[in-house]
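Student: I should like to understand the terms applied to a structure by setting each value against its definition. May we look at one together?

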Amino acid sequence: MAELKRKRGQNRTEVYNTLKDSIQYLELMPGSIIHENELIEQLGVSRTPIREALIRLSNEYMVEVYPQRGTYVSAIDFHLAHEIAYMRHILDTEVCMTLCKGKVPLQDAVDQELYFMSQCVKKQDVVGYIKHDNAFHNEIFRVAGHEMIWEIISNSRAHYNRMLTLDLRRPGVLEKSYQEHQDIVRAIESGDETALMQILDRHHDHQDMERREAEIRAMFPDYFANE
């Protein structure tokens, strides 16, 4: 199992978040076995918070527990990732279109995150990019007065993030995603609802999931459940 580079002596919530991040950003790969003793040593905690975290992650379908065999990181469920992407598309589109109708200025709110995203693109830092992407959309929802809704979306994205981490490793996809973020801001500020809808359909890519799934599965066949 990969060594988790995290601070030692974490509390229960931190242990859960550390393990969840390690799974959703593919530090712990689908199908890999989880050794409790290694986690105890790496995180500097007792067995209890480790087991509590694994129970929560099992209930979220992130790990699978097999009696007498061990605990394994779940394979990626593409159907579940698709459902989360579709939910995000509906809510994100509604919020962005509302801002677009009012030509709400966004550039100052998202400038910092766009800068960090551009640096991640240069470094091909996929995980860093996803985290700043999340912060970018959080700013949009905050400006719209719906920050709590984005928090709900963000907390449910772990399965989608695993698929997204693989997707953004494909040639040119990271650059395409960054350009779409810039286009979203311009369309909202100019009040161009038609352009915004077209951009969001491309950006969320929920209508072309079968092709997307086939391409990602072909590149990473061992990481997905056979659905």
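Tutor: The following exchange takes up the sheet, a helix and several salt bridges in turn.

Tutor: This is a predicted model, in which local features need pLDDT of at least 70 and side-chain atom pairs count only at pLDDT 80 or more, while totals for chains, interfaces and linings use all residues. Residues are numbered from 1 along each chain as its sequence is written, and side-chain values use heavy atoms, with hydrogens and water left out.

Student: What makes β2 and β3 a pair of strands?

Tutor: Helices (H or I, at least four residues) and strands (E, at least two) are DSSP runs, numbered from the N terminus. Two strands pair if DSSP finds at least two bridges between them. Strand β2 (residues 63-66) is joined to β3 by four bridges, and the two run antiparallel, so they meet that definition. One of the residues with a bridge partner in β3 is Glu64, whose partner is Tyr72.

Student: How many bridges pair β1 with β3?

Tutor: Strand β1 (residues 33-34) pairs with β3 over two bridges, in the antiparallel sense. Here Ile33 has Tyr72 as its bridge partner in β3. The three strands form an open sheet in the order β1-β3-β2. Each of β1 and β2 has a single partner strand, which is why they stand at the edges, with one side of each left without a neighbour in the sheet.

Student: What lies between β2 and β3?

Tutor: These strands form a hairpin with three residues between them, and Gln68 in the turn has a positive phi of about 70°. As for the faces of β3 (residues 70-73), Thr71 and Val73 are on the covered one, whereas Gly70 and Tyr72 are on the uncovered one.

Student: How do you know that the length of helix α9 is close to the expected one?

Tutor: The expected span of a helix is 1.5 Å times one less than its number of residues. Helix α9 (residues 173-190) has 18 residues and reaches 26 Å from its first C-alpha to its last, close to the expected 26 Å. Just after α9, Gly191 takes a positive phi of about 75°.

Student: Which helices do the buried residues of α9 pack against?

Tutor: They pack against α4 (78-101), α5 (107-123), α6 (126-143), α8 (158-167) and α10 (193-204), where contact means heavy atoms within 4.5 Å. Among these buried residues are Leu174, Tyr178, Ile184 and Ile188.

Student: Why is the link between Arg47 and Glu36 called a salt bridge?

Tutor: A salt bridge is a side-chain nitrogen of Lys or Arg within 4 Å of a carboxyl oxygen of Asp or Glu. The closest N and O atoms of Arg47 and Glu36 are 3.0 Å apart, so the pair satisfies the definition. It links distant parts of the chain, with Arg47 in helix α3 (residues 47-59) and Glu36 in helix α2 (residues 36-43), 11 residues apart. Glu36, Arg47 and Arg51 are linked in a network of salt bridges, and the structure holds 10 salt bridges.

Student: Is Lys101 buried or exposed?

Tutor: Buried means under 20% relative accessible area, exposed over 50%, and partly exposed in between (1.4 Å probe, protein chains only). At 57%, Lys101 counts as exposed, whereas Glu193 at 32% counts as partly exposed. Lys101 and Glu193 form a salt bridge, their closest N and O atoms being 3.2 Å apart. This pair joins helix α4 to helix α10, 92 residues apart.

Student: What separates Glu139 and Arg142?

Tutor: They are separated by about one helical turn, because they are three residues apart in helix α6. Their side chains meet in a salt bridge (2.8 Å, N to O). Glu139 is buried, with a relative accessible area of 17%, and Arg142 is partly exposed at 39%.
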